[in-house]
Amino acid sequence: KDLTRILSPESLLAEDKRQALLNSMCELTALESERYDNLCKTLITTLVAYAQQLPEASNSHYSQPGGVVDYALNRTEAALELLRGFLVLKDGQTLSEEQKLWQYALYTAAILQGIGKLFADYQIYQFDSNAQKLALWNPLLEPLNARGVFYDLAYTKEPQQDFRRRLNLLMAKAMMPAAGFAWIASNSKVLEVWLALLHEDTRSAGTLGAILDRANALAIARYFNEWMIRTHGRGGRHIPGSP
C-alpha cells in the first residue's frame with residue numbers, strides 16, 4: 001500500500017484538467033495536426049512515461065502526485081500564450097517555417113525544463129506485481145514504465161542544481177522525438193537558445209528566456225490560486241497573474 005502503481009500515459013493524461021491544457025496547447029501551436037502529433041504529442045507521452053505521478057517537489061508548488069506533469073503542462077500552455085503576443089501577424093497571415101521552429105523550441109524546452117531532477121533529486125525503486133524490489137530506476141537509461149508494476153519515491157538529501165542542469169540536456173536529448181530534435185538542430189541559433197533554456201540560463205536565451213521565466217511564474221501562481229480555492233473556497237484570495 002505504500003507503493004505507487006505504474007500507469008499508462010493515456011490513463012494519466014485522461015484527467016479533465018490535463019485534457020483542457022493539452023487541447024489549449026494544441027490550439028496555440030501553428031503546426032499541422034499530423035506534425036503536432038508526431039513532434040508534440042509524442043513528447044508529452046514520453047514525459048508521462050518518465051514522470052508518472054511524481055511530485056514536482058516535496059513541500060512546495062506542484063507537490064501533489066503528478067506534479068511534474070502538471071507543472072510542465074501549465075508552464076508550456078502559459079509560454080505558448082505569451083509567445084502569441086510577440087508574433088505580430090497580418091490578417092490571414094500564418095507563421096513562417098522559421099517562426100514555427102522557434103515556437104517548437106519554446107514548446108519542447110517548456111515541457112522538459114528541469115527534467116534532470118528525475119535523476120538528481122529522487123531515488124526511485126521499481127517493484128514487480130508481488131511488491132518485490134527489482135532495481136533502482138535510472139532515468140538516463142529508460143522511462144519509469146519500462147519495467148515493473150509499482151515504484152516508491154525518496155528524495156535525495158542534498159540535490160545539486162548544477163548537476164541537475166547538466167542532466168537536463170542529457171535527458172532532453174533522450175526524450176525528444178528524433179524528428180523534433182533534428183528540426184531544432186537544423187538551425188544553429190535555435191539550437192543555441194534551446195540549450196540555454198534547458199540549462200535554465202534564461203538570460204542567454206533572449207526573448208524566449210524572458211517568456212519562459214514569466215510562464216514559470218504564471219504556472220506557480222495558478223497552482224497557489226487553485227490551492228487557495230481548495231482550502232478556502234471561492235472566497236479565497238485570488239493571486240495576481242493567475243486565471
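The paragraphs below lead from the interior of this predicted model to its surface, its helix ends and its charged pairs.

The interior is a good place to begin. The largest nonpolar core has 60 residues, and Met25, Leu73 and Ile111 are those with the most contacts inside it. If residues up to four places away in sequence are set aside, Met25 touches Tyr36, Ile44, Leu73, Thr76, Glu77, Leu80, Tyr107 and Ile111, a list that includes both Leu73 and Ile111.

A second interior position is Met171, which is placed in helix H7, residues 161-175. Met171 counts as buried because its relative accessibility is 1%, and buried here means under 20%. Apart from its neighbours within four places in sequence, Met171 is in contact with Tyr50, Ile115, Gly116, Leu118, Pro139 and Leu140. Between the C-alpha atoms of Met171 and Ala219, which are 48 residues apart along the chain, the separation is 22 Å. Helix H10, residues 206-232, contains Asn216, a polar side chain that is nevertheless buried, with a relative accessible area of 12%. Its contacts, again not counting residues up to four places away in sequence, are Tyr71, Arg75 and Gln113.

From the interior we turn to the surface. Leu140, one of the residues in contact with Met171, also takes part with Leu141 and Leu170 in a nonpolar surface patch of about 320 Å². Leu141 sits in the loop between strand E3 (133-136) and strand E4 (150-155), and because its relative accessibility is 70%, Leu141 counts as exposed.

Two other loops hold residues with an unusual backbone angle. Tyr62, in the loop between helix H3 (33-51) and helix H4 (67-84), has a phi near 55 degrees, a positive value in a residue other than glycine, and at 3% relative accessibility this tyrosine counts as buried. Ala131, in the loop between strand E2 (122-127) and E3, has a positive phi near 65 degrees, but at 39% relative accessibility Ala131 counts as partly exposed.

Helix H9, residues 188-198, can be followed from end to end. At its N-terminal end Asn187 acts as a cap, with a side-chain oxygen 3.0 Å from the backbone nitrogen of Lys189. Lys189 is itself partly exposed, with a relative accessible area of 45%, and its side chain meets that of Glu192 in a salt bridge of 4.0 Å, N to O; the two residues lie three apart within H9, about one turn of the helix. The buried residues of the helix are Val190, Val193, Trp194, Ala196, Leu197 and Leu198. Just after H9, Glu200 takes a positive phi of about 65 degrees.

Glu200 leads on to the charged pairs, since the structure holds 14 salt bridges and Glu200 forms one of them with Arg164, the closest N and O atoms being 2.6 Å apart. Because Arg164 lies in helix H7 and Glu200 in the loop between H9 and H10, this pair ties together parts that are 36 residues apart in sequence. Arg164 counts as buried at 13% relative accessibility, whereas Glu200 is partly exposed, with a relative accessible area of 26%. Another salt bridge joins Arg35 to Glu32, with the closest N and O atoms 3.0 Å apart; Arg35 is partly exposed at a relative accessible area of 21%, and Glu32 counts as partly exposed at 39%.

Key: Residues numbered from 1 in each chain as written. Predicted model: local features only at pLDDT ≥ 70, side-chain atom pairs only at ≥ 80, totals over all residues. Heavy atoms only, no water. Patch = residues over 30% accessible without salt bridge, like charges linked within 9 Å, V, L, I, M, F, W, Y side chains within 5 Å. Areas by Shrake-Rupley, 256 points an atom, 1.4 Å probe, with all protein chains shown as cover. Helix = DSSP H or I, 4+ residues; strand = E, 2+ residues; numbered from the N terminus. Buried < 20%, exposed > 50% of the residue type's maximum accessible area, 1.4 Å probe, protein only. Polar contact = N/O pair within 3.5 Å; in protein donor to acceptor, adjacent residues only side chain to side chain. Core = buried A, V, L, I, M, F, W, Y, C linked by side-chain atoms within 4.5 Å. Contact = heavy atoms within 4.5 Å.
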